[in-house]
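Trainee: I should like to work through this model with you, one topic at a time. May we begin once the sequence and structure are on display?

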Amino acid sequence: MTLSRRQFLKLTASGVGATSLGALGFAPGRALADVRNFKLASATQTRNTCPYCSVGCGIIMYGLGDRSKNARLRLVHIEGDPDHPVNRGTLCPKGASLLDFVNSPDRLKFPEYRAPGTSQWQRVTWDWALDRIARLLKEDRDKNFTVRNAAGLPVNRWTTVGMLAASAASNEVGYLTHKIFRAMGMTAIDNQARV
Ligand code: SF4
């Protein structure tokens, strides 16, 4: 066979390459098939619920770090949970972009309070926020609870405050939320999962 100089160089280079890769045990098909495993193999999986809408899709969050002391977990991937009965592994575009939401520098991570008449928000503790909510609820209930209606019939209702429960809460949390507030006489109760 007669080869030109260019053909000879091409043939030699591809031959050396193939021989070297083969000697190193490199199999392109296998390597490509393994890419997905490499990406998440060492990640920690955490199941959760998408916080956006009332559908309440299940998600799996993948984080780098093994949760050992001083290791800071960083989420690197979020996908739909294939075992979740609501979405069976699928996510809408909003849910599929959850990683940006989680890692956003603008994400609110603690309670804040804006006092009446000011434009400034100040960071407060959860204890402070929950105490204040409880105190305001009690004051309002003490002031507005109705024992009997105009006809003298017992009604035991509290109609000046409403409650909207989160759709991302579990059935148990939703059940307890309704039980507690109904027991206090609140009538305006709803759940985001219904709207
Ligand atoms: S993934 Fe989409 S449809 Fe599912 S809960 Fe989130 S926002 Fe709603």
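Mentor: The discussion below proceeds from the overall architecture to the sheets, the core and the ligand shell, and it concerns a predicted model.

Trainee: How many helices and strands are there in the protein, and in which order do the elements run from the N terminus on?

Mentor: The protein holds 6 helices and 8 strands. Read from the N terminus, the order of these elements is α-α-β-β-β-α-α-β-β-α-β-β-α-β.

Trainee: What share of the residues in the protein is buried?

Mentor: A residue counts as buried if 20 or more other C-beta atoms lie within 10 Å of its own. Of the 195 residues in the protein, the buried share is 7%.

Trainee: Which strands are the edge strands of the open sheet with the order E1-E2-E3?

Mentor: This open sheet consists of 3 strands with antiparallel pairing, in the order E1-E2-E3. An edge strand pairs on one side only, and that description applies to strand E1 (44-49) and E3.

Trainee: Which residue in E2 is the bridge partner of Thr 46?

Mentor: E1 and E2 are joined in the antiparallel sense by 6 bridges. For Thr 46, the bridge partner in E2 is Met 61.

Trainee: Leu 73 lies in the loop between strand E2 (58-64) and strand E3 (74-80). Why does Leu 73 count as partly exposed?

Mentor: A residue is buried with 20 or more C-beta neighbours inside 10 Å and exposed with 12 or fewer, the range in between being partly exposed. Leu 73 counts as partly exposed because its number of C-beta neighbours inside 10 Å is 14.

Trainee: What distance separates the C-alpha atoms of Leu 73 and Thr 44?

Mentor: Along the chain, Leu 73 and Thr 44 are 29 residues apart. In space, their C-alpha atoms are separated by 8.6 Å.

Trainee: Turning to the sheet with the order E6-E7-E8, in which sense do E7 and E8 pair?

Mentor: The open sheet E6-E7-E8 has 3 strands and mixed pairing. E6 and strand E7 (residues 154-165) run antiparallel and are joined by 2 bridges. Between E7 and E8 there are 5 bridges, and the sense is parallel.

Trainee: Which residue in the turn of the hairpin formed by E6 and E7 has a positive phi?

Mentor: On the strands themselves, Arg 148 stands opposite Pro 154, while Thr 146 has Arg 157 as its bridge partner. The hairpin has 5 residues between E6 and E7, and the turn residue with a positive phi, about 85 degrees, is Gly 152.

Trainee: Which residues form the largest nonpolar core?

Mentor: In soluble globular proteins, nonpolar side chains tend to be buried together. Here, Ile 78 is in contact with Ile 59, Met 61, Leu 98 and Leu 99, its neighbours within four places in sequence being left aside. The largest nonpolar core has 7 residues, namely Cys 50, Cys 57, Ile 59, Met 61, Ile 78, Leu 91 and Leu 98.

Trainee: How do the residues of the shell around the ligand divide into nonpolar, polar and charged?

Mentor: The ligand is surrounded by Cys 50, Tyr 52, Cys 53, Val 55, Gly 56, Cys 57, Asn 87, Leu 91, Cys 92, Lys 94 and Gly 95. Gly is counted among the polar residues and Cys among the nonpolar ones. The shell therefore divides into 7 nonpolar, 3 polar and 1 charged.

Key: Residues are numbered from 1 along each chain as its sequence is written. This is a predicted model: local features need pLDDT of at least 70, side-chain atom pairs count only at pLDDT 80 or more; totals for chains, interfaces and linings use all residues. A residue is near a molecule or strand if its C-beta atom, placed from the backbone, lies within 6 Å of it. Helices (H or I, at least four residues) and strands (E, at least two) are DSSP runs, numbered from the N terminus. A nonpolar core is a set of buried Ala, Val, Leu, Ile, Met, Phe, Trp, Tyr and Cys residues joined through C-beta atoms within 7 Å. Two residues are in contact if their C-beta atoms, placed from the backbone, lie within 7 Å. Two strands pair if DSSP finds at least two bridges between them.
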